[in-house]
Amino acid sequence: PLSKAPNALPTGFVTLRRPPKKTPKSSTTMKSLHWDLIKEAQIRDSFWASVDESTMYDKLNLEEFEKAFYQKPYQDISKFGTLPRGSTKIPKEKTFIATHRAQNLSILLTRLKMTNEQIRHTIITMDKENRIGKDMVEQLLKFVPGEDDIAAVEEHLEEVDTFSRADKFMLEMSHIKHYKERLQTLHFIKTFNERMTDIRPSIEDITASCNELTMSSKLRRMLEVVLAFGNYMNRGNRGNAYGFKLSSLNKMVDTKATTETDMNLLHYLIQTLEAKFPEVLTLEVDLPHVRKAARIDLAELEAEFQAI
């Protein structure tokens with residue numbers, strides 16, 4: 001922003017949102033001025049706080065302005081590309097979208113080996129003929145016409161017959177309703193089975209391990225022993241428990257024996273199981289999927305599942 005306006009409000013003063021501009025409406029579609037706007041929150045302390053262009057409209061020749069900068073209507077570019085009979089001069093192609101983006105898009109379209117009309121038909125029909133692979137759909141998603149692309153080509157519609165393949169593609173795809181959403185849906189359809197195949201083993205391991213844990217009589221017996229120890233040791237508010245978080249098992253090593261400093265509660269539990277409940281020591285046999293399930297990143301799996 002430019003330097004502070006002489007009548008700028010004190011710092012920290014909260015103002016209401018500015019009312020919308022009362023700009024006269026043109027009688028035709030005008031070309032665009034591609035400027036970078038200053039955010040409304042930054043206007044208050046800038047030069048622009050004291051600027052009011054509304055007084056200018058009565059002084060400007062808007063009719064003349066319209067004639068000079070009106071936007072020609074969109075023409076079906078499929079009509080172009082054929083030179084008038086007898087003409088031998090081939091119009092030089094021009095690119096108005098970002099050069100690097102145009103180059104990469106041209107390479108993609110060359111690999112795709114389809115006309116813009118064929119691509120358009122494929123997108124609209126959700127590729128019923130299976131002409132585009134999932135990798136190509138993924139690449140096309142990188143070249144969804146953005147605001148800058150659309151503005152660049154529509155600014156030069158009068159030169160549409162000289163558009164490069166990339167510019168023509170951007171223009172045609174921009175006229176497909178919900179083009180980006182259609183591509184995303186098509187990508188989802190083409191990758192669904194593969195993504196499900198990738199996550200199914202993890203889901204099956206987790207499901208199986210949950211069933212094993214809930215059905216294991218050996219695990220139930222071991223937890224009963226731990227619960228008995230805990231309630232017996234803990235008096236008052238910490239006792240009289242009906243259950244505990246399994247993560248509490250990791251803390252058993254912190255409870256040291258009084259008589260033998262090298263022994264903790266976990267050691268004692270194992271000794272008790274060996275002496276009183278030896279069948280519990282083969283607990284792992286009942287839980288074949290638990291180790292595999294423990295290696296799964298649940299956050300990553302949940303994110304992928306939600307994405308699907």
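The second largest pocket in this predicted model has a volume of about 560 Å³. Its lining is made up of 19 residues. For a reader who would like to find the pocket in the structure above, the residues nearest its centre are a handy starting point: Leu 219, Met 222, Leu 249, Leu 283 and Leu 287. Three elements give two or more residues to the lining of this pocket, namely helix H9 (217–233), helix H10 (265–276) and helix H11 (290–294). Of the elements, H10 gives the most to the lining, with four residues. In chemical character, the lining of the second largest pocket divides into 15 nonpolar residues, two polar residues and two charged residues.

Attention turns next to a pair of helices. Helix H3, which spans residues 99–112, packs against helix H7, which spans residues 165–173. The two axes lie 8 Å apart and make an angle of about 85 degrees. Because angles of 65 to 115 degrees count as roughly perpendicular, H3 is described as roughly perpendicular to H7. On the H3 side, the residues that meet H7 are Arg 101, Ala 102, Leu 105, Ser 106 and Leu 109. Their partners on the H7 side are Arg 165, Ala 166, Phe 169 and Met 170. Sorted by class, the contact of H3 with H7 has six nonpolar residues, one polar residue and two charged residues.

A single residue, Ser 202, also deserves a look. Ser 202 is found in helix H8, which covers residues 179–215. Is Ser 202 buried or exposed? Its relative accessibility is 19%, so Ser 202 counts as buried, the cut-off for that class being under 20%. When neighbours within four places in sequence are left aside, the contacts of Ser 202 are with Ile 296 and Leu 301.

These local views can be set against the chain as a whole. The protein chain has twelve helices and zero strands, and reading along the sequence gives the pattern α-α-α-α-α-α-α-α-α-α-α-α. The chain holds 308 residues, and buried residues make up 25% of them; Ser 202, described above, is counted as buried. How are the contacts spread along the sequence? Among contacts between residues at least 6 apart in sequence, 77% join residues at least 24 apart.

Note on methods: Residues numbered from 1 in each chain as written. Predicted model: local features only at pLDDT ≥ 70, side-chain atom pairs only at ≥ 80, totals over all residues. Heavy atoms only, no water. Axes fitted to C-alpha atoms, helices over the stretch in contact; angles between N-to-C directions. Parallel < 35°, antiparallel > 145°, perpendicular 65-115°, else oblique. Contact = heavy atoms within 4.5 Å. Nonpolar A, V, L, I, M, F, W, Y, C, P; charged D, E, K, R; others polar. 1 Å grid on protein atoms, 1.4 Å probe; cavity = no way out; pocket = protein on both sides within 12 Å on 5 of 7 lines; lining within 4 Å. Points joined across faces, edges and corners; volume = space filled by probe spheres on them. Buried < 20%, exposed > 50% of the residue type's maximum accessible area, 1.4 Å probe, protein only.
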